[in-house]
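Reader: Please take a close look at the cysteines here, and then at the empty space inside the protein. I would like one connected answer.

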Amino acid sequence: MFLEGWNDGSTGPLLPTIQRSYNIGFAIVSLLFVFNCLGFISGAMANVYLDERVGFGKVLVIGSIFQLAAYAMLGPGGPFPIMCAAFGLAGFGISLQNAQANGFVGSLKGAQTKFGLLHGSYGLGAFVAPLVATHFATTRHWSFHYLISAAIGVFNTAMLWFVFRLRKQDDVLAEAGQAAVEADSTRESKYRQILGIKTVHFLSIFALIYVGVEVTLGGWIVTFVQQKRDGGASAGYISSGFFGGLMLGRLTLMWLNQKIGERRIMFIYALLAIQLEVTVWVVPSLVENALAVSLIGLLLGPMYPILMSYCTQVLPKWLLTGCVGWIGGFGQAGSAVLPFMTGLLASKFGIGSLQPLIVSMMSTLIVIWAFVPRVRRVD
């Protein structure tokens, strides 16, 4: 999850440099997000099949190898089509690992707290990456940033193999003294079962917009600040501020989520985030914008762990990994769809179109969450 956060946090500071290096506009550079999206959705679909056929441990390692291969392709700074293909491979690998990680943690006792820690790791990776990427964005060999990504990818693959030893999830749970997940008592296809649950579709759409808002803001805010607030190359640090807030929100606000209630707190976080986003839109101050973006990260941070925790309370246990894999993969596609939409709008109306898009998407989150059923186990 740290490496997944590192991946998402790397793109924003490098975007202006990538545009200059390949002499391309907003619309073309946004193709990176399109291929990323194709990878995420492909991974979400493949996860259901692979989880049943090869199991938890092997799927994790397969995903990590795809991600590592992507960084090996990106490191030399080759032609732009190679970069697009690599983003697709990275999306596929991340989608598999994301699905298995969320499914595994959702099966553990005390999942609510553990989801906060799991996704806090994502926030840490996304916080550190812009600090490093901002440095590389000012150098001739900017693509060498991905060599560091590859080194972390090697460590990630080795650790996933060493800790889980390619075993199935039930075997790992048994070793920890926890009962295996209840078996599927039906003969119906898992794809049909998952897609037949209405709640899955509401949660998937929420995840898509949420992740899209998170990655779009954390990525394009650098370009926005450089062009609209006269920020220099160091504007990449604002992206770090956003993801740092995201990490702190996931780690420090768990008590508040439980005190107020996970369902109710989601509305509060979204409303406060919208108000802060409006200030970024209308207040022409670099310092205010940087502070507001960090606070928005703090408020958005707890939303994804709450979403995943909610899944464990309303979805059947035997379908949990497949369901959260689909929801997570569909959600990760948002990290490609919304940034791509931003790129298209920016090419036509300028980067100032970022803020109204973010505000409208945050407002949509509130509407969708209102349609998500209250906690009730679906068996």
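Author: A search of the whole structure, which is a predicted model, finds 0 disulfides. C37 takes part in none, and the nearest cysteine sulfur to it, that of C84, is 13 Å away. A disulfide is a covalent bond between the sulfur atoms of two cysteines. The cut-off used for such a pair is a sulfur-to-sulfur distance within 2.5 Å. Seen from the other side, the closest cysteine sulfur to that of C84 is in C37, and because the two are 13 Å apart, they are too far from each other for a bond. As for their surroundings, C37 is buried, with a relative accessible area of 11%. C84 is buried as well, at 4% relative accessibility.

Now the empty space. Across the whole structure, the search finds 9 cavities of 30 Å³ or more. The largest cavity has a volume of about 90 Å³. Its lining is made up of Q112, T113, G116, R250, M254, N257, Q258, E262, P302, P305, I306 and S309. Three helices each supply at least two residues of this lining: α6, spanning 111-137, α12, spanning 254-260, and α15, spanning 303-314. By residue type, the lining of the largest cavity has 6 polar, 4 nonpolar and 2 charged members.

To put the two parts together: the search for disulfides finds 0, while the search for cavities of 30 Å³ or more finds 9.

Note on methods:
Residues numbered from 1 in each chain as written. Predicted model: local features only at pLDDT ≥ 70, side-chain atom pairs only at ≥ 80, totals over all residues. Heavy atoms only, no water. Buried < 20%, exposed > 50% of the residue type's maximum accessible area, 1.4 Å probe, protein only. 1 Å grid on protein atoms, 1.4 Å probe; cavity = no way out; pocket = protein on both sides within 12 Å on 5 of 7 lines; lining within 4 Å. Points joined across faces, edges and corners; volume = space filled by probe spheres on them. Helix = DSSP H or I, 4+ residues; strand = E, 2+ residues; numbered from the N terminus. Nonpolar A, V, L, I, M, F, W, Y, C, P; charged D, E, K, R; others polar.
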